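Please work through the exercises below with the structure open beside the text. Each task is followed by a solution in steps.

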Amino acid sequence: MAQAEVMPVMQQKRIGKPGDPCVMVIFGAAGDLTRRKLIPALYNLAKNELLSREFSVLGVARAKMNTEEFRKKVADDLTEFATGSVDSDLREWFVRRMHYLQGDFKDKNLYSQLKELLEKIDKDHATHGNYFYYLATGSDYFGPIVEHLAEMGLMETENRGWRRIIVEKPFGRDLESARALNKQLLQVASEKQIYRIDHYLGKETVQNILAFRFANGIFEPIWNRRYIDHVQISVAETVGVEGRGTYYDQAGALRDMVPNHIMQLISLTSMEPPISFHADAVRDEQAKILHAIQPLSSEEVLSRTVRGQYGEGVVDGQRVPAYRNEGDVPTDSRTETFVAMKLAIDNWRWADVPFYLRTGKRMAARHTHIVIQFRRAPFVLFRDTPVENLMPNQLVLHIQPEEGISLRFAAKVPGPAMSLGAVNMKFEYADYFGSQPSTGYERLLHDCMIGDQTLFQRADMVEAGWCVVSPLLDVWKALPPRNFPNYAAGTWGPKDAEDLMERDARHWRNSEK
């Protein structure tokens with residue numbers, strides 16, 4: 001067996017063990033995801049000594065190039081998209097581990113070549129027969145790729161190393177297609193081999209939700225219906241479709257964000273304490289929450305959900321076009337770019353606590369946050385003072401662009417009269433722990449290399465997420481929108497979204513730019 005080449009040491013403190021020796025096979029290696037996210041993430045793992053010295057990448061794509069051309073492309077992409085400085089010695093070591101195979105993903109001959117090349121790479125880089133396949137392709141290729149891998153024996157683990165698959169979203173476009181894809185994958189791979197990735201779970205604040213809730217004795221006792229009035233989850237973006245008009249017009253905001261990203265945030269925020277941090281213990285509790293979300297009736301879809309599409313407007317001082325004037329978008333498109341809804345979780349902890357969700361493009365500011373709003377304190381003590389109302393406490397988990405946690409509470413304003421002012425206590429990760437340049441994929445790729453599925457969706461979780469949005473898809477298909485576009489770019493969405501909250505005497509928390 002070949003000797004592993006020594007990786008240059010970068011003098012950084014390693015946190016965690018390196019990934020297993022392995023070959024990462026990237027289907028769609030010539031695409032944007034690979035160059036902007038995967039390659040920089042792998043380099044960051046190497047820089048932090050979390051990548052095995054016995055590691056290699058095999059890129060597979062339709063683009064015509066050879067291994068040397070692919071290596072040059074990787075070096076150039078790393079220079080352009082790295083999240084920090086690039087060390088020349090480490091880059092050279094990293095790039096020498098790149099290999100390339102050109103072909104059509106549906107061509108059976110490609111997979112016989114792939115098997116032969118993997119055996120050679122395995123010997124050259126001493127990767128112990130461990131392979132994981134990253135499907136950075138269109139969803140139409142997911143099933144055929146895995147079936148062809150299985151036909152060539154490239155999914156078998158008996159007397160060999162491990163085999164794993166990372167599947168990108170979208171995982172289906174409705175409940176029926178998600179079930180069909182799960183069935184297709186599970187016919188040739190076990191659930192323990194399938195890693196359904198959601199890059200939101202690579203963000204530090206998302207991972208910190210469990211630590212925050214269960215490692216702090218002051219929060220867990222009040223994390224329930226007795227003390228919490230409602231929960232808000234907002235995923236606001238200032239960007240438009242960014243050249244993805246063809247994909248986005250088929251998906252829309254509901255399919256693109258709610259069954260995956262937002263359902264993950266709901267489940268982590270509201271789940272019961274798991275018995276351990278083992279993958280299935282955590283995911284069992286997440287699945288219980290997703291199954292406890294009350295499905296909306298057709299009438300409730302009309303009263304508890306809002307859809308919108310942006311018109312032209314101003315974002316960051318620049319005039320931007322309406323969605324229907326974006327590239328590859330039909331001029332009469334009925335696809336939503338904004339979704340808001342009110343959901344209920346039917347269990348003991350969250351009975352009668354509404355969860356308000358919204359996500360949209362071309363909004364007033366880029367911000368993803370989870371707002372825990374507590375019930376107001378009784379006013380009786382202040383009835384004979386100048387205080388007219390009491391502001392409820394808010395705990396906000398900031399996920400992006402800044403990562404941190406803030407708490408709003410009331411304090412007396414100095415002076416002879418009883419007057420209250422809102423005070424914010426805020427913690428930001430960068431201030432306490434320093435900034436760690438990241439693409440959001442490092443933790444997820446590393447977890448796959450060590451076989452930890454905690455941050456990856458299981459088949460039942462995917463299907464439960466689709467069950468929540470299925471009634472919306474059915475009603476919206478039957479009743480097309482009549483008033484699109486209904487919010488200007490650079491605003492906080494349609495007025496109906498504000499009305500959704502105001503009917504309950506509540507308001508969205510809109511972040512400042």
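The exercises concern a predicted model, and they treat strands, a helix, aromatic rings and charged side chains in turn.

**Exercise 1. Determine whether strand β4 (residues 131-135) is enclosed or open, and identify its neighbours in the sheet.**

Solution.

Step 1. Apply the cut-off: a residue is buried when its relative accessible area is under 20%.

Step 2. Examine each face of the strand. On one side lie Tyr131, Tyr133 and Leu135, and on the other Phe132 and Tyr134; all of these are buried, and both faces are thus covered.

Step 3. Draw the conclusion. Because five of the five residues of β4 are buried, the strand is largely enclosed by the rest of the structure.

Step 4. Find the partners. Strand β1 (residues 22-27) pairs with β4 in the parallel sense over five bridges; here isoleucine 26 has tyrosine 134 of β4 as its bridge partner. Strand β5 (residues 163-167) also runs parallel to β4 and is joined to it by five bridges, with tyrosine 133 opposite isoleucine 165 of β5.

Step 5. Follow the chain from β4 to β5. The path passes through helix α5 (residues 142-151), and this β-α-β crossover is right-handed.

**Exercise 2. Establish how helix α5 is placed in the structure, and which elements its buried residues pack against.**

Solution.

Step 1. List the buried residues of α5: Phe142, Gly143, Pro144, Ile145, Val146, His148 and Leu149.

Step 2. Compare with the length of the helix. Seven of the ten residues are buried, so α5 is largely enclosed by the rest of the structure.

Step 3. Name the surroundings. The buried residues of α5 pack against β1, α4, β4, β5 and α6 (175-186).

Step 4. Inspect the end of the helix. Just after α5, glycine 153 adopts a positive phi of about 75°.

**Exercise 3. Classify two aromatic pairs by their geometry, and locate their members in the chain.**

Solution.

Step 1. Begin with the total: a search of the whole structure gives 15 aromatic pairs.

Step 2. Take phenylalanine 105 and tyrosine 141. Their ring centres are 5.3 Å apart and their planes meet at 85°; since planes over 60 degrees apart count as edge-to-face, the pair is edge-to-face.

Step 3. Locate the two residues. Phenylalanine 105 lies in the loop between β3 (98-102) and α4 (108-125), and tyrosine 141 in the loop between β4 and α5; they are 36 residues apart, and the pair links distant parts of the chain. Phenylalanine 105 is buried at 4% relative accessibility, and tyrosine 141 is buried at 18%.

Step 4. Take tyrosine 356 and tryptophan 508. With ring centres 6.2 Å apart and planes at 75°, this pair is edge-to-face. Tyrosine 356 belongs to strand β13 (residues 354-360), whereas tryptophan 508 is in the segment after α14 (495-502), 152 residues apart. Tyrosine 356 is buried, with a relative accessible area of 0%, and tryptophan 508 is buried at 7%.

Step 5. Look for a group of rings. Tyr248, Tyr310, Tyr323, Phe338 and Tyr487 form one aromatic cluster.

**Exercise 4. Describe where charged side chains meet rings or opposite charges.**

Solution.

Step 1. Consider charges over rings. The charged end of arginine 164 sits over the ring of tryptophan 162, 3.8 Å from its centre. For arginine 225 and the ring of tryptophan 348, the corresponding distance is 4.8 Å.

Step 2. Recall the principle: side chains of opposite charge can pair when their charged atoms come close. The whole structure holds 30 salt bridges.

Step 3. Study a pair that links distant parts of the chain. Glutamate 220 forms a salt bridge with arginine 349, the closest N and O atoms being 3.0 Å apart. Glutamate 220 is in the loop between α7 (204-214) and β7 (228-236), and arginine 349 in the loop between β12 (338-344) and β13, 129 residues apart. Arginine 349 counts as buried at 12% relative accessibility.

Step 4. Study a pair within one helix. Glutamate 300 and arginine 304 form a salt bridge, with their closest N and O atoms 3.7 Å apart. The two are four residues apart in helix α10 (residues 298-304), so about one helical turn separates them. Glutamate 300 is partly exposed at 25%, as is arginine 304 at 24%.

Step 5. Finish with a network. Salt bridges link Asp32, Arg35, Arg36, Lys73, Asp77 and Glu80.

Technical notes: Residues numbered from 1 in each chain as written. Predicted model: local features only at pLDDT ≥ 70, side-chain atom pairs only at ≥ 80, totals over all residues. Heavy atoms only, no water. Buried < 20%, exposed > 50% of the residue type's maximum accessible area, 1.4 Å probe, protein only. Pairing = 2+ DSSP bridges. Right-handed = clockwise from strand over helix to strand, strands pointing away. Phe/Tyr/Trp six-rings, centres within 6.5 Å; stacked < 30°, edge-to-face > 60°. Lys NZ or Arg CZ within 6 Å of the ring centre and 35° of its normal. Contact = heavy atoms within 4.5 Å. Salt bridge = Lys/Arg side-chain N within 4 Å of Asp/Glu carboxyl O.
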